[in-house]
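This report describes the fold and the ligand surroundings of one protein chain. The sequence and the coordinates are shown first, and the account follows.

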Amino acid sequence: MSLYAIIVAGGTGSRMQSEVPKQFIPVGRLPVLMHTLTRFYQAFPSIQIILVLPEKDISTWNTLCKQYTFTVPHLQVPGGETRFHSVKNGLQAITATDGLVAIHDGVRPFVPVATIKHSFDVAREKGCAITVIPLKDSIRKVSVDGTSQTVDRTHFRLVQTPQTFQLPVIRQSFLQAVHTHFTDDASVAEAAGFQLSLIDGSYENIKITTPEDLLWAEAFLKKKA
Ligand SMILES: Nc1ccn([C@@H]2O[C@H](COP(=O)(O)OP(=O)(O)OP(=O)(O)O)[C@@H](O)[C@H]2O)c(=O)n1
Ligand SMILES: C[C@](O)(CO)[C@H](O)COP(=O)(O)O
């Protein structure tokens with residue numbers, strides 16, 4: 001069965017407030033996105049990687065690939081207005097009717113290789129695999145009137161990527177019109193009526209979102225070196 005990875009990196013990184021798009025910022029020796037693609041290549045050297053980039057940044061990415069002699073094979077696709085549209089563009093680049101596809105945020109560079117492999121195993125068997133982790137902090141539900149209530153955190157999970165699917169499942173899901181509550185691919189598949197299966201993620205698999213995440217990323221790589 002063919003394996004695909006759609007790595008979405010088509011965002012603008014507004015919360016990072018950086019001149020350089022956050023997916024191109026170097027951490028350790030390499031730009032964020034090169035760490036991410038390398039993890040998928042390490043998991044499956046034959047995987048077909050589809051990299052979704054902002055159209056205006058494609059030439060910058062190609063320059064970086066030359067500069068860093070980055071040779072992980074991948075197909076480049078222009079991104080869309082929202083993450084949903086970027087994933088949809090990535091899916092349209094896959095012509096096969098069957099196979100498994102992992103959808104992953106380009107800005108989660110430390111996804112463990114074991115998580116990637118496990119997500120494909122579970123998706124092959126169950127239709128999909130959604131990576132989640134338990135909460136470490138307490139949580140409260142806040143109301144518009146300013147009051148709040150404690151909530152039992154054991155009933156909740158934080159959602160990560162990869163989110164891996166059998167191709168027909170995710171293709172059918174993305175036939176829907178976009179909705180504001182589609183913050184990930186699991187919510188799209190769920191709205192299409194598919195049952196979700198969850199797998200254990202990792203606290204290492206952070207999403208680089210705000211400036212302090214880069215400090216954490218540097219420290220993480222130093223510790224691992
Ligand atoms: N139109 C978009 C928006 C987001 N993404 C990707 O989806 C992932 C998760 O999104 P997020 O961390 O929110 O990235 P940005 O949208 O770039 O950041 P921000 O919300 O701070 O603007 C990122 O890898 C981002 O590049 C995308 O491919 N296309
Ligand atoms: C897909 C995701 O990373 C799962 O946690 C998340 O939903 C992306 O949300 P964002 O608002 O685009 O950062």
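The account below treats the sheet, one helix, the ligand shells and selected backbone features of this predicted model.

**The sheet**

An open sheet is formed by seven strands, and its order is β5-β4-β1-β6-β10-β7-β11. The pairing within this sheet is mixed. Strands β5 (75-78) and β11 (198-200) are the edges, and each of them pairs on one side only. From one strand to the next, the twist averages 25 degrees.

Strand β7 (residues 128-134) illustrates the mixed pairing, with antiparallel β10 and parallel β11 as its partners. Six bridges connect β7 to β10 (residues 157-166), and these two strands run antiparallel. Within this pair, I133 stands opposite L158 of β10, and A129 has T164 of β10 as its bridge partner. Towards β11 there are three bridges, and here the strands run parallel. In that pairing, I130 is matched with L198 of β11. In general, strands of a sheet pair through backbone hydrogen bonds, in either a parallel or an antiparallel manner.

**Helix α3**

Helix α3 spans residues 83-92, and its buried residues are R83, F84, S86, V87, G90 and L91. These residues lie on the same side of α3, because they cover an arc of only 165 degrees around the axis. An α-helix has 3.6 residues a turn, so residues three or four places apart point the same way. The cover over the buried residues of α3 includes the strands β1 (3-8), β4 (48-53), β5 and β6 (100-105). It also includes the helices α5 (167-173) and α6 (185-191).

**Ligand shells**

Ligand 2 is surrounded by R83, D105, V159, Q160, T161, T183, D184 and K207. Strand β10 supplies the largest share of this shell, namely three residues. R83 also belongs to the buried residues of α3. Around ligand 1 there are 21 residues, of which G10, G11, S14, R15 and S86 come nearest. S86 is likewise one of the buried residues of α3. The composition of the two shells is set out below.

| Shell | Nonpolar | Polar | Charged |
|---|---|---|---|
| Ligand 1 | four residues | 12 residues | five residues |
| Ligand 2 | one residue | three residues | four residues |

**Backbone features**

A cis peptide bond joins T161 and P162, with omega at about 15 degrees. P162 lies in strand β10, and T161 is one of the residues around ligand 2.

Two residues have a positive phi although they are not glycines. Q17 has a phi of about 50 degrees and lies in the loop between β1 and β2 (26-27). Q17 is exposed, because 9 other C-beta atoms lie within 10 Å. T69 has a phi of about 45 degrees and is located in the loop between α2 and β5. T69 counts as exposed because it has 6 C-beta neighbours inside 10 Å.

**Residue V72**

V72 also belongs to a loop, the one between α2 (58-67) and β5. V72 is partly exposed, because 17 other C-beta atoms lie within 10 Å. When neighbours within four places in sequence are left aside, V72 is in contact with L37, T38, Y41 and I49. A separation of 25 Å lies between the C-alpha atoms of V72 and A219, which are 147 residues apart along the chain.

Terms used:
Residues numbered from 1 in each chain as written. Chains lettered and ligands numbered in written order. Predicted model: local features only at pLDDT ≥ 70, side-chain atom pairs only at ≥ 80, totals over all residues. Pairing = 2+ DSSP bridges. Helix = DSSP H or I, 4+ residues; strand = E, 2+ residues; numbered from the N terminus. Axes fitted to C-alpha atoms, helices over the stretch in contact; angles between N-to-C directions. Buried ≥ 20, exposed ≤ 12 C-beta atoms within 10 Å, placed from the backbone. Arc of directions from axis to C-beta. Contact = placed C-beta atoms within 7 Å. Near = placed C-beta within 6 Å. Nonpolar A, V, L, I, M, F, W, Y, C, P; charged D, E, K, R; others polar.
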